[in-house]
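Q: Please take a close look at how one helix packs on its sheet. Then work outward from there to the rest of the assembly.

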Amino acid sequence: MELTQGKALSTVERLYQDYGFRARELKGQGEKIIGYVCSFVPLELIKASGAIPFRIRGNIFEPITKGDTLLETIVCPYYRSCFDLSVKDKYEFLSGVVIPHGCDSMVRSFSTWSYGLPYSYFHFVNIPTVCEESSFEFFEEELNTFRKSLEKFFGKTITDEELSRVIRIYNENREKVRALYELRKADPPLISGTELTMTLTAGSSLPIEEANDLFDQVVAEVKARGSSPLKKGPRILIDGACLDHIELIKLVEDLGGHVVADAICNGARDHFPKTDVTLPPIKALSQRYLDKVNCPKTYRANKAGTFEGDIANRFGDIGAYAKEFKAEGAILYVYKYCDPFGFEVPARKAYYQSLNLPMLHLEDIYSAGTMGQLRTRIQAFLEMIG
Amino acid sequence: MAEEQKEAKPKKRMTATKAAASIGPMVKEFITGTLQARAEGKQKLAYTFIVCHHEEIFRAMDVVPIWTENFAGICGAKRDAERFLQRAESLGLSRSLCTYALCGIGFDQWREELGQMPPDAPWGGMVKPDFMISSGQILCDPRSKWYQASQQFMPDVPIYNIDLPYPLFQRDQDHREVLGYYHRYIVKQLRGLVAFLEEQTKKKMDYDRLRELVDLSDRTWNLIEETYDLRKAIPCPMGTGDAMNTMVPINFMMATQKAYDFFVELKKELEEKIARGEGEVENEKYRLMWGGGLPSWFALTDFNYFNSKGASFPVETTYRMVAPLKEMDLPETKDPIEHLAWRWLGYWTFWYDKARKRPGSEPDVERLINRIEEYKIDGVVMHEAFSCRTWHVGLIWQLHQLAKIYKPIPVYVVGKDGKKEKVYRELPSLILESDIIDITSYSEVDTRNKIDAFIETLESIRMNRAA
Amino acid sequence: MTKVVILKEEIIASVVGPTGPEQRRLANKVMEETLRKASLSFPQITYIVSTGYGRINVPFSDRQVTEVTCHARGIVHLFSGARTIIDIGGQDSKGIKIDASGKVVDFVMNDKCAAGSGRFIEVIADTLGIPLDQVGALSLQSSHPVKISNICTIWAQQEVVSSLAEGVPVADLLAGIHYSLADRIVRMVSRLRVEDLVILTGGGAKNKGLIKALSEQLNRSVLVPPNPLITGALGAALIGKEMVEKARKNKTPIETRERVFKEVEIL
């Protein structure tokens, strides 16, 4: 890679490599850190309670060992890795963990997490499966239950004012992520996909204010490059669940492609949707997390009455990203045992066909050991579209 | 297309009860019934899932349910699922996903491509529905993804997805605090289903009839409890092998008189067997609990294998989708929909209070402990089906936790000083690994070796106890 | 196996040699042999494209291209109407879909499991003590192919041993093994929606039993190139040739590596 790394990107790399070191420092200074998994956890509530949300990550280089003695291997491999690191005490600085109803792997293993790990706070947020008037009402109640549970644990009332203030800070964060994504639009992009995903992953380990500062610095540093030092190559969109490591993206970029857009949890799915500040805070959060986070776990009724219309509605955001970032190919990266994404593979495939966008479907198991097998497929795909 | 041959016909499992033996024809009858209803065209047919507490609504509206999980199970039991699974795979669906759903989607795609049933479809096949009622639950992701995936091949068939959550057990939280809004939501969801069915059938719901049906299934729930409680007898008159048959009226025929009558008969039969001192196995040596996981439908004869070693299964946690209503303390209501919603919540939170009282316990663990005591269980057998996270994640942990908090069986061993000492041992357990319908995941030799080793463990414990 | 094709207008020379743990050294040896056969010196080779699993281990290659692209290029050169390619090698198997203009539009691969590759038949042939080049013909003598129920190579091997002990004829066992492999490959390839012409290439294409099993299960006739082992190398050579022609036309420089055989020490 011919990209220069300034101070901001060096910080990013350190936060990425030694994931959690800043949280550990803050814990030492008396802060409370609350871990979470999945894009469905309303971080604004955690933040408004005075704690710092911290996204629990997996590690594809770390073989899953201790985790497998407590959790079945038929669980999503990414989630197994997160659990494995947690039981191995990699996140010992956490005071608690919040798990949402993101998928069966999360739901069915909640007891294993909450009894198997030594934290004093656990909470499960139930996310409805549909988007309707009644489900928003329900979700608002569920968010209030979460709020009360945090209030009880931290002994602090979460006021609407505080919540509204925090919502604005998070919205700023989403704008800054947008600014990072803007840097992808040049051809070749000014920022590599590897740098961007590393930045977002680093950000998810920081207090939101620090993440905001860091993102600003990265944007400034990358902008200072003026023109891209990279060689032109096929522009790729990555679609799938949570990709909290850079290895797959790095592989694409080592082979001459550029990852310029995504529809992944640790990317656009999580960071693009903003919260409506004109609504009462809980109502606004319920709409953001239930409706705007576009995850296959949420059932969206077929309003079109046709298959083509249905996929256009369900995956329209992906098509919009592909257009906005001028993607020339897509990689649909799905974990083995992932029911929500797995069942959508034929429909997503049809959707990419309708966009005339070549797509490569990869099924993987969240392990560095499979990167060699992926290499040939990705290279062949790049040759195919290049 | 890939080789579309059937596997060799499986051996029939021997049943202990006449009632269980009558199930096969019963299932065949309701599958034939769906084919007939489609031919006659008078009733609407709907794909749907078990354990949604909506059977009463279906029956009251005269909608014929097509239990898609059941059909996949039949394909599995007939060892004829592979060709449908392969179809699904060729569409790009991973074999690691729910194989019931893969089998169903593969079947649907094939039927729609042909415009008729796939060749030699098991029991005449699964008919194209008029609509599909899926269910997003806290139970199972594939339930809201399966029909959506099938709809690609029949876009003219509408889906209505009902959301039926229940509060997950949280140690530091009283679930009663949230039941109110859960109930309000479920009621709205079920009313939404009624409205959808009214629109589809062009009929109005007859709430008196609904009330009667709800009453009928409530009575059936209680009757099932009383019937299954009889299996506490020593020797046990009916095992889990049979219960994998008698799950049919519980799960596919609820809110019908036939289901009620079935349990009247079964109860009578069990009472007679108990009076005669007749057990599932001739010389009952070990009493085992099927403590988790759906069975491998193609290998139900494994239960006979257990039986041949003197092991009986008086109780299981699987498919016993009822709980004693009288112990639930459900709020009184005249509105049958409201009642269904309370019953739903009552069922899922049934073990919560008990679990909260025992340190380290949790509802699934608590249920195991209670059943171990009530049914005098010597060992626990579980099955981990690779394709289903819903019922098969958390089992290892449950056994860990069980061993940690529950050591009820005293064993006397000779201590260092030569005196007998009383120690508490863990309950032996066995986890079998395979799948619900994917036979390629199964090895009879390995399974039976595991069973043999487990029986040896039970035997050595028995000898110790006798000493 | 390591294959080399030297191309001018047509193929000047081709050699199929062994591959071992010392991939680089063997690549050198096979290259040297091909040069000898073509009566060329190494520096006379304008451009070298390497492909396949060992593509990154060829020290003198100017460019690395995957076997998907190379096989497609080689096959289209031989069969202009090809739409579906099935490549069955010793390490992996793949399916490639080609459009009317000869461009790759989709592909599927299996490189995770020996049971989906030619390795499956190699292991069984070895178990039965029959030379690999005879198993295909032998399997054609079967009148009642056996159903092999185990999917994993290791288990299938045991199954074959115990069936043999039970007196099942070898031909029936081999036919069963061929059907079993063909079944897995057809399942994988059917994701591409198979269209005619279907071309089978790679080592598997030399096996008549496999050709029969595949075409029966695909319900189509399957064509085989005259020398199926070298279609990937041929494709690589064709791609190299095109790149040079294009560079010459555009007057852009051609970057190549030094044409020497470096002693490679591995271990």
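**Helices on the chain A sheet**

A: Helix α11 of chain A, residues 247-254, lies across three strands of chain A: β5, β6 and β7 (329-335). Its direction makes an angle of about 145 degrees with β6(A). Helix α18 of chain A, residues 371-385, packs on the sheet too. Helix α18(A) touches β7 and β8 of chain A, and runs at about 175 degrees to β8(A). All of this is read from a predicted model.

Now the sheet itself. Four strands of chain A build it, in the order β6-β5-β7-β8. The sheet is open, and its pairing is parallel. Its edges are β6 (258-263) and β8 (359-364) of chain A, each of which pairs on one side only. On average, neighbouring strands are turned by 25 degrees against each other, direction ignored.

One strand pair can be followed to the residue. Strand β5 of chain A covers residues 235-240 and is joined to β6(A) by five bridges. The two strands run parallel. Within the pair, Ile238(A) stands opposite Asp262(A) of β6(A).

Elsewhere in chain A, one peptide bond deserves a check. The bond from Asp187(A) to Pro188(A) is cis, and its omega is near -5 degrees. Pro188(A) sits in the loop between α8 (160-182) and α9 (193-203) of chain A.

Next, the contacts of chain A with its neighbours. Chain A puts 49 residues in contact with 48 residues of chain B. On the chain A side, the elements giving two or more residues are α5 (104-108), α6 (110-116), β4 (121-125), α7 (133-154), α16 (339-342), α17 (345-355) and β8 of chain A. The list includes β8(A), which is also an edge strand of the sheet above. By class, the chain A side that touches chain B holds 22 nonpolar, 18 polar and nine charged residues.

The contact between chain C and chain A takes nine residues from chain C and seven residues from chain A. On the chain C side, α2 (67-78) and β7 (104-110) of chain C each supply at least two residues. β7(C) gives the most, with three residues. The chain C side that touches chain A divides into five nonpolar, two polar and two charged residues.

β7(C) leads into a second sheet. This one is open and has five strands of chain C, in the order β7-β6-β5-β8-β9. Its pairing is mixed. β7 and β9 (222-223) of chain C are the edge strands, each with a single partner, so one side of each has no neighbour in the sheet. β8(C) and β9(C) run parallel and are joined by two bridges. There Ile199(C) stands opposite Leu223(C) of β9(C).

Chain C also has a cis peptide bond, between Asp196(C) and Leu197(C), with omega about -5 degrees. Leu197(C) lies in the loop between α6 (170-189) and β8 (198-201) of chain C. At the level of the whole chain, chain C is divided into domain 1 (2-68 + 230-250) and domain 2 (81-224). The C-alpha centres of these two domains of chain C lie 28 Å apart.

Back to helix packing, now in chain B. Helix α9 (residues 207-229) and helix α13 (residues 336-348) of chain B have axes 9 Å apart, at an angle of about 30 degrees. Angles under 35 degrees count as roughly parallel, so α9(B) is roughly parallel to α13(B). Tyr207(B), Leu210(B), Arg211(B) and Val214(B) of α9(B) meet Pro336(B), His339(B) and Leu340(B) of α13(B). This contact has five nonpolar, one polar and one charged residues. Just before α9(B), in the loop between α8 (176-201) and α9 of chain B, is Lys202(B). Phi of Lys202(B) is near 55 degrees, a positive value in a residue other than glycine.

A second helix pair in chain B crosses at another angle. Helix α15 (residues 363-374) and helix α17 (residues 395-405) of chain B cross at roughly 60 degrees, and their axes come within 9 Å. α15(B) and α17(B) are therefore oblique to each other. The crossing of α15(B) past α17(B) is right-handed. Asp364(B), Val365(B), Leu368(B) and Ile369(B) of α15(B) meet Gln398(B), Gln401(B) and Leu402(B) of α17(B). By class, the contact has four nonpolar, two polar and one charged residues.

How values were computed:
Residues are numbered from 1 along each chain as its sequence is written. Chains are lettered from A and ligands numbered from 1 in the order in which they are written. This is a predicted model: local features need pLDDT of at least 70, side-chain atom pairs count only at pLDDT 80 or more; totals for chains, interfaces and linings use all residues. Two strands pair if DSSP finds at least two bridges between them. Axes are lines fitted to C-alpha atoms, for helices over the stretch in contact, and angles run from 0 to 180 degrees between N-to-C directions. Two residues are in contact if their C-beta atoms, placed from the backbone, lie within 7 Å. Ala, Val, Leu, Ile, Met, Phe, Trp, Tyr, Cys and Pro count as nonpolar, Asp, Glu, Lys and Arg as charged, and the others, Gly among them, as polar. Angles under 35 degrees count as roughly parallel, over 145 as roughly antiparallel, 65 to 115 as roughly perpendicular and the rest as oblique. A crossing is left-handed if the near helix is turned anticlockwise from the far one by less than a right angle, and right-handed if clockwise. Domain bounds come from an automatic or database domain assignment.
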